[in-house]
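Please look over the fold below with a view to its core and its helix packing.

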Amino acid sequence: MHRGRFNYSKQLQSQKKVKCSDMTTPPLPTAKAMNIVGAAATAAGAQKTVLITGVSRGLGKALALELAKRGHTVIGCSRSQEKLSALQSELSSASSISSDSSKNINEHLVMNVDVRSNSSVEELARSVVEKKAFPDIIVNNAGTINRNNRIWEVPMDEFDAVIDTNIKGTANMLRHFIPIMAEKKQGIIVNMSSGWGRSAAAQVAPYCASKWAVEGLTRAAAKELPPGMAMVSLNPGVINTEMLQSCFGSSAALYQTPDSWAPKAATMILNLTSADNGASLTV
Ligand SMILES: NC(=O)c1ccc[n+]([C@@H]2O[C@H](COP(=O)([O-])OP(=O)(O)OC[C@H]3O[C@@H](n4cnc5c(N)ncnc54)[C@H](OP(=O)(O)O)[C@@H]3O)[C@@H](O)[C@H]2O)c1
């Protein structure tokens with residue numbers, strides 16, 4: 001953690017935007033069978049299908065539950081099977097809050113996927129097509145960060161995990177899902193960036209590099225999309241998640257919770273249109 005080496009609070013004051021995470025060793029790289037949760041559709045207006053990566057905790061989970069509560073259909077993936085199973089019933093309960101028996105029943109899809117694995121993401125895409133659960137919106141949220149360290153002290157496997165998850169994981173999603181969306185000539189893709197994708201900080205150089213890459217990847221790929229689609233990068237702000245706690249320690253508690261962040265983020269994401277293509281946005 002090495003929190004004594006520099007003053008995060010001071011850094012925060014000067015930069016206003018930040019983030020961080022715990023580098024836990026990643027487990028199972030293969031996609032597992034899809035779990036389906038029945039839920040009630042809702043809401044006047046467009047009910048959307050939103051695919052979110054990294055839903056086991058933090059921002060991804062809070063966003064998934066907020067969308068389900070609003071009557072949208074969630075396709076969620078991450079690696080921890082135990083947390084996915086819990087999320088499955090939480091999504092169902094969240095949807096039932098907005099349940100309206102006069103509306104069609106929708107299904108949330110929860111799947112064990114490691115975004116670093118091209119074949120795992122390919123299996124997710126195959127399942128989505130088989131189920132005809134075509135996403136209107138994709139949020140490439142799964143991410144990780146190196147433990148606080150100067151670049152020459154960051155172990156090679158940690159550097160690799162940050163690049164493999166944040167950059168290659170996003171690219172794996174784009175590889176398999178842009179063709180699916182492009183066929184329908186519609187779809188919004190949100191690539192989770194960071195304040196540190198637009199500024200820099202000591203001790204998180206691998207993470208900064210990965211999020212600057214997400215910004216560049218997004219701007220370039222946006223130019224390749226067919227009309228009707230959009231891709232944006234999104235800095236979520238500073239939120240008290242496990243990732244932030246690993247960077248900020250107890251100071252993370254000074255920041256907003258994922259539950260208070262999710263309604264703002266959901267409204268913003270649901271209102272994106274093709275006119276936003278290529279934008280760098282902030283919640
Ligand atoms: N919190 C902030 O203040 C903040 C600020 C700026 C940007 N962000 C960005 O927002 C996103 C979410 O951050 P967070 O704070 O919610 O982090 P978090 O609490 O650490 O959650 C990260 C999520 O990503 C999943 N994940 C990690 N590696 C994965 C992989 N290889 N395949 C599939 N899923 C994976 C994790 O689930 P499993 O471990 O179960 O797979 C978990 O659900 C990240 O992209 C982060 O960089 C956060």
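The briefing that follows goes from the whole chain to the core, one buried leucine and two helix pairs.

This is a predicted model, in which local features need pLDDT of at least 70 and side-chain atom pairs count only at pLDDT 80 or more, while totals for chains, interfaces and linings use all residues. Residues are numbered from 1 along each chain as its sequence is written.

**Whole chain**
- The chain has eight helices and eight strands, which are DSSP runs (H or I of at least four residues for helices, E of at least two for strands) numbered from the N terminus.
- Of its 283 residues, 47% count as buried, meaning that 20 or more other C-beta atoms, placed from the backbone, lie within 10 Å of the residue's own.
- Among contacts (C-beta atoms, placed from the backbone, within 7 Å) between residues at least 6 apart in sequence, 78% join residues at least 24 apart.

**Nonpolar core**
- The largest nonpolar core, a set of buried Ala, Val, Leu, Ile, Met, Phe, Trp, Tyr and Cys residues joined through C-beta atoms within 7 Å, has 64 residues, and those with the most contacts inside it are Ile52, Leu63, Ala64, Val74, Ile138, Val139 and Val190.
- Helix H2 (residues 58-69) gives the largest share of this core, seven residues.
- Leaving aside residues up to four places away in sequence, Ala64 touches Ile52, Val55, Val74, Gly76, Leu87 and Leu91.

**Leu59**
- Leu59 lies in helix H2 and is buried, because 25 other C-beta atoms are within 10 Å.
- With residues up to four places away in sequence not counted, Leu59 touches Asn141, Pro236, Ile239, Thr241, Pro258 and Trp261.
- The C-alpha atoms of Leu59 and Met243 are separated by 10.0 Å, although the two residues are 184 residues apart along the chain.

**Helix pairs**
- The axes of H5 (residues 156-184) and H6 (residues 205-222), as lines fitted to C-alpha atoms over the stretch in contact, with angles from 0 to 180 degrees between N-to-C directions, come within 9 Å and cross at roughly 15°. H5 is therefore roughly parallel to H6, a label for angles under 35 degrees.
- Where H5 meets H6, the residues involved include Phe159, Ile163 and Leu174 in H5 and Tyr207, Val214 and Leu217 in H6.
- The axes of H4 (residues 118-130) and H5 come within 8 Å and cross at roughly 25°, so that H4 is also roughly parallel to H5.
- In this second pair, Asn118, Val121, Glu122, Ala125 and Val129 in H4 meet Asn172, Met173, His176, Phe177 and Ile180 in H5.

Methods
A residue is buried if 20 or more other C-beta atoms lie within 10 Å of its own, exposed if 12 or fewer, and partly exposed in between; C-beta atoms are placed from the backbone. Two residues are in contact if their C-beta atoms, placed from the backbone, lie within 7 Å. Angles under 35 degrees count as roughly parallel, over 145 as roughly antiparallel, 65 to 115 as roughly perpendicular and the rest as oblique.
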